[in-house]
Amino acid sequence: MKITVLGAGSFGTSLAIHAAHQHPVTLWARNPEHVEEMRRTRTNAHYLDGAVFPEKLQLESNLHTALKQADLILSVVPTSGLRNMLREIRASGSKAPVAWACKGLEASSAKLLYEVAAEELPPDHAWGPLSGPSFAKELAAGLPTAITLASSNAEFASNAAAALHGNHLRVYSSTDVIGVSVGGALKNVIAIAAGICDGMGFGNNARAALITRGLAEITRFGLALGARAETLMGLAGAGDLILTCTGDLSRNRQVGLRLAKGETLEQILGGLGHVAEGVYTAREVCNRAQNMGIEMPITYQVHQVLSTGLSPRDAVENLLNREQKAEVY
């Protein structure tokens, strides 16, 4: 199977390295200078320093060439670029199934990425999200990792998962596109809250409570859209949430930690070097949750910190001062 990976950031590069141990892989990046540097050094020093490219991994800056021979396309461009990328795939005439590994809601439309794909790809084009607890650095290093690939096309989900499975990466298949999409998107917002919690020194008890109640918010949102509860308790839901809220490699958690220290959002994003999708997802989730009548207090407070300048301490006080009630999901 020939696999094309679109996007040479940290996770796109790590997926390409993993897949190239088993299949011929083309890693595409838009910047020709970046591609030439990777060809010369056989590494991606800018995004994944230290990980050496396998022999079967080739580099390409021409998108049409990269798509031309693909049997499977893995899109790992940022959430903001997925719609345009899907349009380019359709325009290229490629019929290769598409799995994307970005996570979030589209800015302004508040659409989840499966909704974007349904608008941009033909009805007979197989597609779906690839999601789960997976730091790029650990995947590239060959450390044990497990993720989920979902599609309404069960045959594609099973075949694509089997193609990527192996060499320390377990890939499970699913037909719950909504659940996998919701879990991957909303966990980033809760991870910012967890970073704030840790940055303010509130301890392990508070972090565990926040993760648990964050999962309740994700579950409410997902079920309202038609997700399955067991998906949200699995790798793409609880698994990804736990990792992103506790792991030192989590960019969204780092945003929360630095907000708690008094840094401005502009300072944080300017020095982060990578996309932290939760920053852009929080507003869209709040807008959509409000329209659906779903209560999401943690997500709302994160949105207030990011968008209105509410101090992290005041956000925590707002959560602690909420009315006492029975524990429900």
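**Note on the sheet and the annotated binding sites**

1. Strand 1 pairs with strand 2 (residues 25-28) in the parallel sense, over 4 bridges. Within this pair, Leu 6 faces Trp 28 of strand 2. Please keep in mind that this is a predicted model.

2. The two strands belong to an open sheet of 8 strands. Its order is 5-2-1-6-7-8-9-10, and the pairing is mixed. Strand 5 (57-60) and strand 10 (169-174) are the edges. Each has a single partner strand, so one side of each lacks a neighbour in the sheet. On average, neighbouring strands are turned by 25° against each other, direction ignored.

3. Helix 7 (residues 154-164) lies across several of these strands. They are strand 1, strand 6 (72-75), strand 7 (98-100), strand 8 (127-131), strand 9 (145-150) and strand 10. Against strand 10, helix 7 runs at about 180°.

4. Now the annotations. An unreviewed UniProt entry gives a "binding site" covering Gly 7, Ala 8, Gly 9, Ser 10, Phe 11, Gly 12, Ala 136 and Arg 251. Gly 9 sits in the loop between strand 1 (3-6) and helix 1 (10-19). Beyond its sequence neighbours up to four places away, Gly 9 touches Asn 44 and Tyr 47. Is Gly 9 buried or partly exposed? Gly 9 is partly exposed, because its relative accessible area is 22% and buried means under 20%.

5. Ala 136 is in helix 6 (residues 136-140). Its relative accessible area is 11%, so Ala 136 counts as buried. Not counting residues up to four places away in sequence, Ala 136 touches Ser 10, Phe 11, Ser 14 and Leu 48. Ser 10 and Phe 11 are also covered by the annotation.

6. A "binding site" annotation, again from the unreviewed UniProt entry, covers Lys 103, Gly 132, Ser 134, Lys 187, Asp 240, Ser 250, Arg 251 and Asn 252. From this set, Lys 103 is in the lining of the largest cavity.

7. Which residues does Asp 240 contact, leaving aside neighbours within four places in sequence? They are Lys 103, Ser 131, Gly 132, Pro 133, Ser 134, Gly 184, Lys 187 and Leu 235. Asp 240 lies in helix 11 (residues 235-246). With a relative accessible area of 2%, Asp 240 is buried.

8. Asn 252 is part of helix 12 (residues 251-260). Asn 252 is buried too, at a relative accessible area of 6%. Neighbours within four places aside, Asn 252 contacts Asn 188, Ala 191, Ile 192, Thr 244, Ala 276, Glu 277, Gly 278 and Val 279.

Terms used
Residues numbered from 1 in each chain as written. Predicted model: local features only at pLDDT ≥ 70, side-chain atom pairs only at ≥ 80, totals over all residues. Heavy atoms only, no water. UniProt positions renumbered as here; feature names shortened; annotations may be inferred. Buried < 20%, exposed > 50% of the residue type's maximum accessible area, 1.4 Å probe, protein only. Contact = heavy atoms within 4.5 Å. 1 Å grid on protein atoms, 1.4 Å probe; cavity = no way out; pocket = protein on both sides within 12 Å on 5 of 7 lines; lining within 4 Å. Pairing = 2+ DSSP bridges. Axes fitted to C-alpha atoms, helices over the stretch in contact; angles between N-to-C directions.
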